[in-house]
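Visitor: Please take one part of this model and look at it closely. I would like to know what surrounds it, and then what else in the model deserves a look.

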Amino acid sequence: MKLHVLFCGTMQVSEAVPNGPHIDLFRSPGALLAPGGKRVTLPVCAYLIEHPRGLVLVDTGWCRDISPAGVYDARAAAKVLPAPLAAFYRPCLPAGMAVHEQLGRMGISPRDLACVVLTHLDPDHVAGLRHVKDAGRILVSEDEYYWNARTVYRYRQPWSLWMEYPVQRFYYKGSPLGTNRWAYDLFGDESVMLINLPGHTDGLAAVLVRDGKRFALLTSDAAFSPRSWQEQIVPGFGYDPGLQRRALQWIREMAETEGCAAVLSSHDPAAAPCVIEI
Ligand SMILES: [Zn+2]
């Protein structure tokens, strides 16, 4: 199998987002907007898995409408996202980097995708869904979908980005994997496991891609860089720091497991577009 790491734009966020301290959306929502002025620019990744059973896209990055000229455009961003979220993310999508633009250069049309897996429903992971809505299936965990009703997600996960598309829910089942010991076996052969790591959101799915003992783990936003799990630095953006810490402990165990080819986070500033053979 091949795993393609795709850069689908950037976000310029408060440095508390990757490195803490915890941002309390109810008590101090202003913290999202980096009141001290300190922001960091992070990539927004999606992944393409070339699997024998079909092409799997994991997450979708930003959409072209959010950054029409390929630069940060506050007015355009505020048309796609609620204004506070647009100001939080400062999204940018350089020319040619939207997910469908990149797939097109690889000779892949959205209809060629067996499925799109949404690791969770935050905008930087689902905004590009409009470009790949014709994929065979679009999947999100039942828990993510259900808990989207939780009040805090009113601020985080606007329905306009995904609700009108044919998103199917998958149900986690008992598994030895993950902190919740819940996972979904995408193809029924344990080669792609969607593993619940709650903390950043309730239903977040990390993605384990494996062939025998060799594997790669996509942490989604359960970690923001290797620093997160190596130094156990809990990202500031999440609904439950205690669960986030447990997720980091599990990711560290996986990173130290024999056969680990890569552990990749969606917003690692040191990451680079590449292809990993599993
Ligand atoms: Zn994210």
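**A strand, a metal site and two spaces**

Guide: Strand β10 (residues 205-211) is joined to β9 by 5 bridges, and the two strands run antiparallel. One facing pair in this arrangement is V192 and V209, the latter in β10. Note that the model is predicted.

β9 also has a partner in strand β8 (residues 182-185). Here 3 bridges make the connection, and again the direction is antiparallel. A183 faces I195 in β9. β8 and β9 form a hairpin with 6 residues between the strands, and in this hairpin G188 takes a positive phi near 75°.

Next, consider how the side chains of β9 are arranged. V192, L194 and N196 point one way, while M193 and I195 point the other way. Is β9 buried or exposed? The cut-off for buried is under 20% relative accessible area. In β9 (residues 192-196), 5 of the 5 residues are buried, so the strand is largely enclosed by the rest of the structure. This holds for the residues pointing either way, since all are buried.

Burial can be followed to another strand. V116 is found in strand β4 (residues 113-117). Its relative accessible area is 0%, so V116 counts as buried. V116 and K133 are 17 residues apart in sequence, and their C-alpha atoms are 8.6 Å apart in space.

The zinc ion is the next stop. Which residues supply its protein donors? They are D124 (OD), H125 (NE2), D221 (OD) and H267 (NE2), at 2.0 to 2.1 Å from the ion. Along the sequence these residues follow the spacing D-H-x95-D-x45-H. D124 has a relative accessible area of 1%, so it is buried. H125 is buried as well, because its relative accessibility is 0%.

The angles at the zinc ion take a little reasoning. For four tetrahedral donors the ideal angle is 109.5 degrees. Four donors count as tetrahedral if all angles lie between 85 and 135 degrees. The 4 donor atoms here make angles of 86 to 159°, and the site is irregular.

Some of the zinc donors appear again around an enclosed space. The model has 1 cavity of 30 Å³ or more. The largest cavity has a volume of about 50 Å³. Its lining includes D124, D221 and H267, which are also among the zinc donors. Others in that lining are M11, V13, V17, F88, Y89, D122, H200, F224 and F237. Two or more lining residues come from each of β1 (2-14) and α3. By type, the lining divides into 7 nonpolar, 2 polar and 3 charged residues.

The largest pocket is another space to examine, and α3 contributes to its lining too. This pocket has a volume of about 180 Å³. Its lining has 12 residues, and L25, L32, P84, L85 and Y155 lie nearest the centre. At least two lining residues come from each of α3 (83-89) and α7 (153-156). The lining consists of 10 nonpolar and 2 charged residues, with no polar ones.

To go back to the starting point, β9 is paired with β8 and with β10, and its residues are buried.

Technical notes:
Residues are numbered from 1 along each chain as its sequence is written. This is a predicted model: local features need pLDDT of at least 70, side-chain atom pairs count only at pLDDT 80 or more; totals for chains, interfaces and linings use all residues. Side-chain values use heavy atoms; hydrogens and water are left out. Donors are N, O and S atoms within 2.8 Å of the metal (3.2 Å for Na, K and Ca); water is not among the atoms, so sites may look incomplete. Four donors count as tetrahedral if all angles lie between 85 and 135 degrees; four count as square planar and six as octahedral if opposite donors are over 155 degrees apart and all others between 65 and 115; anything else is irregular. Buried means under 20% relative accessible area, exposed over 50%, partly exposed in between (1.4 Å probe, protein chains only). Helices (H or I, at least four residues) and strands (E, at least two) are DSSP runs, numbered from the N terminus. Two strands pair if DSSP finds at least two bridges between them. On a 1 Å grid over the protein atoms alone, a cavity is a set of points where a 1.4 Å probe fits but cannot get out, and a pocket is an open set with protein on both sides within 12 Å along at least five of seven lines; lining residues have an atom within 4 Å of a point. Grid points are joined across faces, edges and corners, and a volume is the space filled by probe spheres set on the points. Ala, Val, Leu, Ile, Met, Phe, Trp, Tyr, Cys and Pro count as nonpolar, Asp, Glu, Lys and Arg as charged, and the others, Gly among them, as polar.
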